[in-house]
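Trainee: I should like to understand how structural terms are justified. May we set each value against its definition?

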Amino acid sequence: MKQHIHPTYDYVVFRDQSANTMMLTRSTLAARADSLPKVRWTDGKEYPLVNVEVSSASHPFYTGNNIVLDTAGQVQKFNERYRRNASQKNRSEA
């Protein structure tokens, strides 16, 4: 492998602002560690902090708070509209 072409890959803390949770993981955002704020983790060390709006802690898909939208009525209206227009075209061509 070539040397010095890969970004820095080190520990970073991601804070989900909507769920108020934090997680420690490795990321290439560690390359910008100098410009990021620091936070003290439970192990006593300081890590760069990245604030995110949505993570697995707050996203509806992972939390099970999905809202199922009933689009059957809209699809039905769409299909009826096209069936009506298609039948009118066929009558005018005949």
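Trainee: Why is His4 called exposed?

Mentor: The relative accessible area of His4 is 81%. Exposed means over 50%, buried under 20%, and partly exposed in between, with a 1.4 Å probe and protein chains only. His4 is therefore exposed. Its place is the segment before E1, and its phi, near 65°, is positive although the residue is not glycine. Please note that this is a predicted model, in which local features need pLDDT of at least 70, side-chain atom pairs count only at pLDDT 80 or more, and totals for chains, interfaces and linings use all residues. Residues are numbered from 1 along each chain as its sequence is written, and side-chain values use heavy atoms, with hydrogens and water left out.

Trainee: What is the confidence of the model, and in which elements is the mean pLDDT lowest and highest?

Mentor: pLDDT is the predictor's confidence in each residue, from 0 to 100. The chain has a mean pLDDT of 80, and 73% of its residues reach 70 or more. Among the elements, helix H1 (residues 60-63) has the lowest mean, 64, while strand E3 (residues 38-40) has the highest, 95. Helices (H or I, at least four residues) and strands (E, at least two) are DSSP runs, numbered from the N terminus.

Trainee: What makes E1 and strand E2 a pair?

Mentor: Two strands pair if DSSP finds at least two bridges between them. Seven bridges join E1 to E2 (residues 21-27), so the definition is met. These two strands run antiparallel, and Asp10 stands opposite Ser27 in E2. Four residues lie between the strands of this hairpin, where Asn20 has a positive phi near 55°. Asn20 is also exposed, at a relative accessible area of 64%.

Trainee: How do you know that E4 is paired with E1 and with E3?

Mentor: The bridges again decide. Four of them join E1 to E4, which run parallel, and Phe14 stands opposite Val50 in E4. Three bridges join E3 to E4, which run antiparallel, and Val39 stands opposite Tyr47 in E4. E3 and E4 form a hairpin with five residues between them, and Gly44 in the turn has a positive phi of about 90°.

Trainee: Which order do the strands take in the sheet, and what makes E2 and E3 edge strands?

Mentor: The sheet is open, with four strands in the order E2-E1-E4-E3 and mixed pairing. E2 and E3 each have a single partner strand, so one side of each has no neighbour in the sheet. From one strand to the next the twist averages 45°, where axes are lines fitted to C-alpha atoms (for helices over the stretch in contact) and angles run from 0 to 180 degrees between N-to-C directions.

Trainee: Why do Tyr11 and Tyr47 count as an aromatic pair, and why is it called edge-to-face?

Mentor: Rings of Phe, Tyr and Trp (its six-membered ring) pair if their centres lie within 6.5 Å; planes under 30 degrees apart are stacked, over 60 edge-to-face, and the rest tilted. By this rule there is one aromatic pair. For Tyr11 and Tyr47 the centres are 6.3 Å apart and the planes form an angle of 65°, so the pair is edge-to-face. Tyr11 lies in strand E1 (residues 10-16) and Tyr47 in strand E4 (residues 46-52), so the pair ties together parts that are 36 residues apart in sequence.

Trainee: Are Tyr11 and Tyr47 buried, partly exposed or exposed?

Mentor: Tyr11 has 39% relative accessibility and counts as partly exposed, whereas Tyr47, at 10%, counts as buried. Leaving aside neighbours within four places in sequence, Tyr47 has contacts (heavy atoms within 4.5 Å) with residues including Val13, Leu24 and Trp41.

Trainee: How do you know that the charged end of Arg26 sits over the ring of Tyr11?

Mentor: The definition requires NZ of Lys or CZ of Arg within 6 Å of the ring centre and within 35 degrees of the ring normal. The charged end of Arg26 is 5.7 Å from the centre of the Tyr11 ring and sits over that ring.
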